[in-house]
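The exercises below concern salt bridges, helix packing, backbone angles and one residue environment. Work each task on the structure before reading its solution.

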Amino acid sequence: MTATAPPVQHGHGHGSGPGRDERLLTAPPLKRLVKKLLTRPELGSVVGAVAVFVFFSVVADGFLRASSLGTVLYAASTIGIMAVPVALLMIGGEFDLSAGVLVTTSALVSSMFSYQMTANVWVGVAVSLLVTLAVGFLNGFLLTRTRLPSFIITLGTFLMLTGLNLGFTKLISGTVSTKTIADMEGFASARALFASEATIGGATLKVTVLWWLALVAVATWILLRTRFGNWIFAAGGNADAARAVGVPVRRTKTALYMGVGFAAWVAGQHLLFSFDVVQSGEGVGNELVYIIAAVIGGCLITGGYGSAIGAAVGAFLFGMTSKGIVYAEWDPDWFTFFLGAMLLLATLLNAWVRKRAEATA
């Protein structure tokens, strides 16, 4: 059996007249590429990152040195490790205001448990992981059971953790900082995993950069290649509609909060094994930095839209700006100004990109 070709329509050439088969109407490759780029949430942050990089390359003499690049990447990675799971949580339609102090809680639990129990530091590291996952589970459980806004739930957790961090540290150690655990068994191996560094081409790269890139890769795979990723977008876009089609919204959001807890554990262990001791008042305010990095990276406040790559680029913007101001020998107080400006410009650019994408869809 042979297939017959459709009759050729004469008089229309290769145009788009009424006789043209719609299957043959294809957009030029360049136009297809532009339309695809316009649909990417991280487009605005990438444009902003290029502009900031060029700006500081011109105004700051030492910005392009290999050693400076290592410093910028380190600053970006310490933010990016938390910004990635926070971005996934925002795509799922929720916030976590306790993320900043949870990093400190992670370090404090690991340090004080190891010191007081005179155990191998890896025991404290394991207990710390259980604690941070439990806090994430508690946030998710309270959110999904009470139906209170995540702002209220996690603000309460933030205040409780802040008080517990200070109170327990003073109660156990008598001061606002922990005792050193540098001479305990297992410290060297734990430091190698969470706080080691290597020099490559004149740039000193911290292991946090590898943790950061690994989290970005895993989060991107989850969002784009798994059923759970579809659940995240659905729960953030319209939770009621997602429930109606069988999406386990409660489990999805609880898992996202536990993901933030895991990242807080990683960041907390880096904090501990980098400096041996931990100040119990650290971390307050960092939760806003993580949220802003995610928003700059294209995540919507309303949920249902964003990417892990965008959050990583947002963190990289933070790293370039915070260190670029130093290399330019400006007053560091200008950093907060640049922070606000980046947030506003990125939000406006992301809104414009979305409108363009919808117009060309």
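A salt bridge is counted here when a side-chain nitrogen of Lys or Arg lies within 4 Å of a carboxyl oxygen of Asp or Glu. The model is predicted, and side-chain atom pairs count only at pLDDT 80 or more.

**Exercise 1. Apply the criterion to K206 and E197, then describe how accessible each partner is.**

Step 1. The closest N and O atoms of K206 and E197 are 2.7 Å apart. The cut-off is 4 Å, so the pair forms a salt bridge.

Step 2. K206 has a relative accessibility of 24% and counts as partly exposed.

Step 3. E197 is also assigned to the partly exposed class, at 49%. The exposed class begins over 50%.

**Exercise 2. How many salt bridges does a search of the whole structure find, and what does the one between E94 and K253 tie together?**

Step 1. The search returns four salt bridges.

Step 2. In the pair E94 and K253, the closest N and O atoms are 2.5 Å apart.

Step 3. E94 sits in the loop between α3 (66-91) and α4 (99-117), while K253 belongs to helix α11 (residues 249-275), so the salt bridge ties together parts that are 159 residues apart in sequence.

Step 4. E94 has a relative accessible area of 9% and is buried. K253 is buried too, with a value of 9%.

**Exercise 3. Locate the salt bridge of D240 and R243 in the secondary structure and classify both residues by accessibility.**

Step 1. The closest N and O atoms of D240 and R243 are 3.0 Å apart, and the two form a salt bridge.

Step 2. Both residues are in helix α10 (residues 239-244), with a spacing of three residues, about one turn of the helix.

Step 3. D240 is exposed, at 57% relative accessible area, whereas R243 is partly exposed, at 35%.

**Exercise 4. Describe the packing of α3 against helix α12 (residues 286-296).**

Step 1. Two packed helices are described by the angle between their axes and the distance between the axes.

Step 2. For α3 and α12 the angle is about 65° and the axes are 8 Å apart. That makes the two helices roughly perpendicular.

Step 3. The crossing of α3 past α12 is right-handed.

Step 4. On the α3 side, the contact is made by I79, M82, A83, V86, A87 and M90; on the α12 side, by V289, Y290, I291, A293, A294 and V295.

Step 5. Sorted by class, this contact has 12 nonpolar residues, no polar and no charged ones.

**Exercise 5. What is the sign of phi at R147 and at D276, and where does each residue lie?**

Step 1. Most residues other than glycine have a negative phi.

Step 2. R147 has a positive phi, near 65°. R147 lies in the loop between α5 (121-146) and α6 (150-173), and is exposed, with a relative accessible area of 57%.

Step 3. D276 also has a positive phi, near 75°. D276 is placed in the loop between α11 and α12.

**Exercise 6. Is T105 buried or exposed, and which residues does T105 touch?**

Step 1. T105 is part of helix α4.

Step 2. Its relative accessible area is 6%; buried means under 20%, so T105 is buried.

Step 3. Leaving out residues up to four places away in sequence, T105 touches V131, L161 and N165.

Step 4. T105 and G281 are 176 residues apart in sequence, yet their C-alpha atoms are 9.8 Å apart in space.

How values were computed:
Residues numbered from 1 in each chain as written. Predicted model: local features only at pLDDT ≥ 70, side-chain atom pairs only at ≥ 80, totals over all residues. Heavy atoms only, no water. Helix = DSSP H or I, 4+ residues; strand = E, 2+ residues; numbered from the N terminus. Buried < 20%, exposed > 50% of the residue type's maximum accessible area, 1.4 Å probe, protein only. Axes fitted to C-alpha atoms, helices over the stretch in contact; angles between N-to-C directions. Parallel < 35°, antiparallel > 145°, perpendicular 65-115°, else oblique. Left-handed = near helix turned anticlockwise from the far one by under 90°. Contact = heavy atoms within 4.5 Å. Nonpolar A, V, L, I, M, F, W, Y, C, P; charged D, E, K, R; others polar.
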